[in-house]
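Some questions on packing and pairing follow. Take a look at the model before reading the answers.

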Amino acid sequence: MSLLDYWDTLRPSVKRRKTTADDTDDATGLSDAVTGRKDGLEIPETPLVNPDVEDTASTSYLGQEPEGGELPFPGSQTELESSLPAIDTDSHAIEEYEASQSIPDHEEEPGLRERLQDGKWRKGKSSIYVDAFNLALETVLDEEAHLFDDAEMEVFKQWKELSYESQYLYVRLFLRKTSAWHRINRLGYYSDISDLTSAVNDLQRTRTLPINSPPATSPHPNTPKLGTKFHFADKTDQITTLEEASSLLLLDELKTLAKDAKVQGKSKKDLLTALHRASQQQTGLDWTTTSTNKASANRDTHFTQKILDYTGDCIRLATAPRELFERVHLVFYRSTEWTEKSLTTIILAKISRRNFPEYVVCRSSSISPSRAFLLEFESALRTQFDIDHILEFSGTPTVELLTQVRDHAYKVYPRWKKLCQQEQQKEDSVYECGEGAYLRRFSPAWVYTRIIHKGLYPLGRFKEYKEEHRLLCELLGQRLFHAARRGSWYQRKALLEEHYMWNLMSWEGRSEDAQRKHWRRIALQTCEEGLQDPDCHLIYHYDLQKRIMKLERALKVVKREQHDFSHVMLARPEERTVEGIRIEREDTLAQEDMSRRGRATVWVDERDGGECRVESMCLSWYRDQGWKGYHSEGGIVRTLFGYLFYDILFTYVPNVFQTPFQTCPLDLHTDSFYATRASEINHRLVEITNGESERILRAVHAREAPRQPCAIGIDWTFELDDLVDIVRCFRGEALAAICKVLAQEYQQRGGGIPDLFLWRVESREVMFVEVKSENDRLSDTQRLWIHVLGGAGVRVELCNAVAREVRYV
């Protein structure tokens with residue numbers, strides 16, 4: 001089944017009110033102009049991305065969840081979700097859709113294809129969750145069945161023979177924490193499943209695989225294998241440990257059990273530890289205890305059975321079939337993670353009735369050329385998860401754990417080298433220019449590169465600088481994987497060469513002073529190579545330039561031969577203080593002893609009246625100084641990027657447009673976007689530098705504005721005259737530098753852009769303003785954008801809002 005069959009849309013228009021310096025008669029605040037709110041309170045736009053997502057482990061695919069850290073997108077968006085339009089995907093939207101598309105009971109039950117194309121549903125007989133799950137399965141089996149063996153195909157066949165209610169129960173559990181046990185009496189699906197007991201028994205029933213079907217194999221030792229028998233879900237009798245049983249209890253229930261066992265603890269973890277300790281120290285009464293049955297008399301078994309008597313029957317998805325379906329989703333979504341919304345958004349996008357950009361849809365079956373290739377990729381992901389868990393979710397790593405990380409890196413190193421050679425051969429002889437960049441993200445070598453990158457950390461901690469330097473040279477020696485990290489590799493390599501390598505390598509008859517100078521010259525050459533490397537992203541240039549100047553001073557290079565970076569050196573942002581009237585509400589006074597940092601403040605808009613956010617208050621002050629502007633938090637910048645790179649965003653590249661309703665290519669949020677389109681992007685940057693932005697902007701607006709397609713970043717409610725004024729006020733070099741940062745790292749740099757964007761036509765200048773009240777401080781991503789803008793020669797101000805009066809209401 002194909003994804004390409006059923007999408008026709010129409011987007012309603014929304015008007016944004018223009019704000020100018022002369023707009024003094026309006027009684028409505030700027031917040032109305034930006035958000036359409038009538039109460040004067042402006043809610044800032046949510047930052048598009050987490051700046052550190054590149055290092056976020058993609059673990060949902062493994063059925064395991066990290067215990068901390070932030071997610072790459074709001075709501076844990078996947079690459080597929082990030083390319084789709086913003087639509088309601090909550091339970092209310094799903095229920096409303098299914099109810100509106102329901103059919104009378106006397107009509108024949110529609111098939112999957114008819115339900116997806118025509119939107120026909122029958123309560124209790126079809127569900128958006130089940131249909132989206134089966135859509136993924138059928139698409140993969142139609143296009144990439146060669147990735148699965150006979151035993152796995154038999155599992156799929158028996159899946160299709162399950163009743164609707166059994167499938168529904170399985171899918172809902174699949175979308176939850178898949179490796180956990182669930183109490184059947186608390187599942188709560190009675191409105192969708194008429195006979196829950198039958199559905200549970202159906203999933204837990206033992207099934208057989210044909211004898212002539214060889215069992216599935218996997219190179220990863222921890223991956224379960226399909227034998228001659230399997231079941232879709234595990235039964236309660238497979239709960240054998242106290243940890244598994246206690247996971248079924250709520251905290252209050254666990255406290256009651258702990259009280260009976262006469263143990264104490266504040267948290268669930270403390271209570272489990274105390275229970276386990278008690279079970280090891282005490283034994284139950286057993287007059288016939290022998291060495292064989294002592295274990296069964298242990299209190300651990302007693303507590304486990306007591307918990308199961310309380311909870312009743314339980315269910316957990318069986319590991320082998322679950323991981324098989326996870327592999328299906330890996331292939332379907334071209335992503336190592338997905339959420340419940342990943343399934344439903346595909347179908348709900350149909351009813352959004354919006355226009356989408358015109359592009360060529362292409363879904364290649366060559367991402368995983370063979371089953372062995374896919375299994376190796378899956379195995380690499382599991383190793384990557386182990387490393388991420390050690391370094392990011394387990395506190396400060398011990399020497400033993402760091403040694404494990406280093407050993408993982410060494411273990412994959414030979415295979416990584418071989419795959420790099422093979423991929424380079426394909427790049428030279430098979431792929432057209434840039435075609436393989438996105439496909440390489442699904443190669444085991446992509447994951448191995450990240451594993452080796454993570455292996456550098458323990459080498460540095462162990463002071464094995466010579467080995468770390470060798471691996472950095474190896475990583476920089478290839479250009480196919482993780483190009484976005486090249487800047488950090490250059491930085492670390494130059495640091496090692498400046499401070500450590502002189503004492504670790506052969507002196508070759510040089511004195512100590514000569515040896516130090518020799519390696520400083522090598523470090524200087526490394527920094528120069530980084531600046532000249534087209535894959536070294538712009539955000540790393542400033543640090544490399546600083547190290548070059550430092551090294552040239554240490555080497556006493558004559559002035560005329562030193563590098564001159566004065567044209568790009570950062571200008572410190574100007575600081576400004578704006579006074580206003582802050583409002584404190586009585587219900588917040590009781591919280592004075594608590595930390596106020598990060599809490600939004602409310603101010604009086606003295607220009608337009610009413611209450612407003614601190615950004616609107618400061619914007620009113622700038623309007624009094626003759627500036628035009630918006631509180632857009634990057635909305636203007638992303639809109640300009642969308643306009644100026646519209647044709648490049650939607651040009652044909654294999655595999656990045658896999659559905660007809662995307663707002664951007666799938667690789668925009670990866671480092672392969674720039675690499676794949678480097679020639680087109682660099683040509684466009686030259687055009688922008690040469691002052692052709694207005695021509696490009698007007699052409700795109702004339703062609704696309706009548707349809708207003710859902711294109712990422714573009715807010716069609718910004719008026720054309722304002723956008724034209726803005727590009728006229730922008731220096732071409734500055735606008736090109738900002739666009740290059742977004743082209744290279746759209747995902748990491750979509751957030752953190754200063755709050756206010758201002759322009760003044762008379763003086764032809766633009767300015768970004770980051771507003772901070774007493775409760776705020778700059779984040780790392782905000783500091784980075786201030787550096788980027790300052791380095792591009794754009795004026796930036798830090799506006800500190802100070803209350804000259806506080807009103808209590």
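Helices (H or I, at least four residues) and strands (E, at least two) are DSSP runs, numbered from the N terminus. This is a predicted model, where local features need pLDDT of at least 70, side-chain atom pairs count only at pLDDT 80 or more, and totals for chains, interfaces and linings use all residues. Residues are numbered from 1 along each chain as its sequence is written, and side-chain values use heavy atoms, with hydrogens and water left out.

Q: With which side chain does the side chain of arginine 406 make a polar contact?
A: Arginine 406 sits in helix H17, residues 399-429. Its relative accessible area is 19%, so it is buried (under 20%; exposed is over 50%, partly exposed in between; 1.4 Å probe, protein chains only). Beyond four places in sequence, arginine 406 is in contact (heavy atoms within 4.5 Å) with Pro458, Leu459, Phe462 and Glu464. The polar contact (N or O atoms within 3.5 Å, one able to donate a hydrogen and the other to accept it; residues adjacent in sequence count only if both atoms are side-chain atoms) spans 2.9 Å and goes to glutamate 464.

Q: How many Å apart in space are leucine 419 and proline 444, C-alpha to C-alpha?
A: Leucine 419 also lies in helix H17. Leucine 419 is buried because its relative accessible area is 5%. It touches Glu376, Pro444, Ala445 and Tyr448, leaving aside residues up to four places away in sequence. Leucine 419 and proline 444 are 25 residues apart in sequence, and in space their C-alpha atoms are separated by 8.1 Å.

Q: Which helix gives the largest share of the largest nonpolar core?
A: A nonpolar core is a set of buried Ala, Val, Leu, Ile, Met, Phe, Trp, Tyr and Cys residues joined through side-chain atoms within 4.5 Å. The largest one has 162 residues, with Leu169 and Phe730 making the most contacts inside it. Its largest share, 9 residues, comes from residues 732-744, helix H32.

Q: How many disulfides does the count come to?
A: Cysteine 314 counts as buried because its relative accessibility is 1%. Cysteine 729, at 6%, counts as buried too. A disulfide needs a pair of cysteine sulfur atoms within 2.5 Å. By this rule the count is 0.

Q: In E12, which residue is the bridge partner of glycine 580?
A: Two strands pair if DSSP finds at least two bridges between them. Strand E6 (residues 574-584) runs parallel to strand E12 (residues 795-808), joined by 11 bridges. In E12, glycine 580 has as its bridge partner alanine 803.
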